[in-house]
Amino acid sequence: MHLIQGIHHVALKPQKEQFQKVMEFYTEILGLEVVRRWGDAQYPCAMISTGDNSCIEVLPVLEGEALPAEGKFAHLALATDDVDACVERVRAAGYPVTIEPKDVTLADLSARIAFCTGACGETVEFFCEKA
């Protein structure tokens, strides 16, 4: 029996003024669905489904709280069937594409990948595993 069954969520901690932009990036641009909201107007929080039992949790930094140190995670990899379409959507919305779509082989795994910068400076990878 495995104790760990997968990733439940990855938490993003944008500055309060970035919250809406982060929500738009993941829901309007990438088409993900908000599955839970809590908090209030001063401290809105949300869980955004990535479509496979895992989520992106968005928790704004509280007043007086330090921003998370960079490097706590290298990137957020989102599984997709169409890396190129994801890149075109983020590019059209004005977000920087840091690695253009390309095919890679990692040991016995072939994939198409690309990277961009998200709404609060996070590195986002689009990952399509090939059969």
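A salt bridge is a side-chain nitrogen of Lys or Arg within 4 Å of a carboxyl oxygen of Asp or Glu. In the structure above, which is a predicted model, Arg 112 and Asp 103 form such a bridge through their side chains, at 3.2 Å from N to O. The count of salt bridges comes to six, the aromatic pairs number two, and there are zero disulfides. This briefing takes up these contacts by topic, together with helix α1 and the second largest pocket.

**Salt bridges**

- Side chains of opposite charge can pair when their charged atoms come close.
- Arg 112 is partly exposed, with a relative accessibility of 22%, and its partner Asp 103 is also partly exposed, at 47%.
- Arg 112 and Asp 103 belong to one network with Asp 84 and Lys 130, joined by salt bridges that share partners.
- Another salt bridge joins the side chains of Glu 65 and Lys 13, with an N to O distance of 3.2 Å.
- Glu 65 and Lys 13 are 52 residues apart, and their bridge links distant parts of the chain. Glu 65 lies in the loop between β4 (55-58) and β5, while Lys 13 lies in the loop between β1 (9-12) and α1.
- Glu 65 counts as partly exposed because its relative accessibility is 33%, which falls between the 20% limit for buried and the 50% limit for exposed. Lys 13, at 24%, counts as partly exposed as well.
- Arg 91 forms a salt bridge with Glu 100, and the closest N and O atoms of this pair are 2.4 Å apart.
- Both of these partners are partly exposed: the relative accessible area is 33% for Arg 91 and 41% for Glu 100.

**Aromatic pairs**

- A pair of aromatic rings is described by the distance of the centres and the angle of the planes.
- The structure holds two aromatic pairs. In one of them, Phe 25 and Tyr 26 meet edge-to-face, with 4.8 Å from centre to centre and 85 degrees between the planes.
- Phe 25 is buried, with a relative accessible area of 0%, and Tyr 26 is likewise buried, at 0% relative accessibility.
- Phe 25 also pairs with Tyr 95, again edge-to-face, with the centres 4.7 Å apart and the planes at 70 degrees.
- The pair of Phe 25 and Tyr 95 links distant parts of the chain, 70 residues apart. Phe 25 is in helix α1 (residues 19-29), and Tyr 95 is in the loop between α2 (83-92) and β6 (97-106).
- Tyr 95 has a relative accessible area of 12% and is therefore buried, the limit being under 20%.
- Through these ring pairs, Phe 25, Tyr 26 and Tyr 95 are linked into a cluster.

**Helix α1**

- The buried residues of α1 are Phe 19, Val 22, Met 23, Phe 25, Tyr 26, Thr 27 and Ile 29. Phe 25 and Tyr 26 in this list are also members of the ring cluster.
- After α1 comes Gly 31, which has a positive phi, near 75 degrees.

**Cysteines**

- The number of disulfides is zero. Why does Cys 86 not bond to Cys 116? The sulfur of Cys 86 lies 8.7 Å from that of Cys 116, its closest cysteine sulfur, and this is too far for a bond, because a disulfide requires the two sulfur atoms to be within 2.5 Å.
- The same separation holds from the other side: for Cys 116, the closest cysteine sulfur is that of Cys 86, at 8.7 Å.
- Cys 86 is buried, with a relative accessible area of 14%, and Cys 116 is also buried, with a relative accessibility of 1%.

**The second largest pocket**

- The space in the second largest pocket is about 380 Å³.
- Its lining is made up of 17 residues, and those nearest the centre of the pocket are Thr 50, Ser 54, Ala 77, Leu 78 and Ala 79.
- Which strand gives the most to the lining of this pocket? Strand β5 (residues 76-79) does, contributing four residues.
- Sorted by class, the lining consists of 12 nonpolar, four polar and one charged residues.

Key:
Residues numbered from 1 in each chain as written. Predicted model: local features only at pLDDT ≥ 70, side-chain atom pairs only at ≥ 80, totals over all residues. Heavy atoms only, no water. 1 Å grid on protein atoms, 1.4 Å probe; cavity = no way out; pocket = protein on both sides within 12 Å on 5 of 7 lines; lining within 4 Å. Points joined across faces, edges and corners; volume = space filled by probe spheres on them. Helix = DSSP H or I, 4+ residues; strand = E, 2+ residues; numbered from the N terminus. Nonpolar A, V, L, I, M, F, W, Y, C, P; charged D, E, K, R; others polar. Phe/Tyr/Trp six-rings, centres within 6.5 Å; stacked < 30°, edge-to-face > 60°. Buried < 20%, exposed > 50% of the residue type's maximum accessible area, 1.4 Å probe, protein only.
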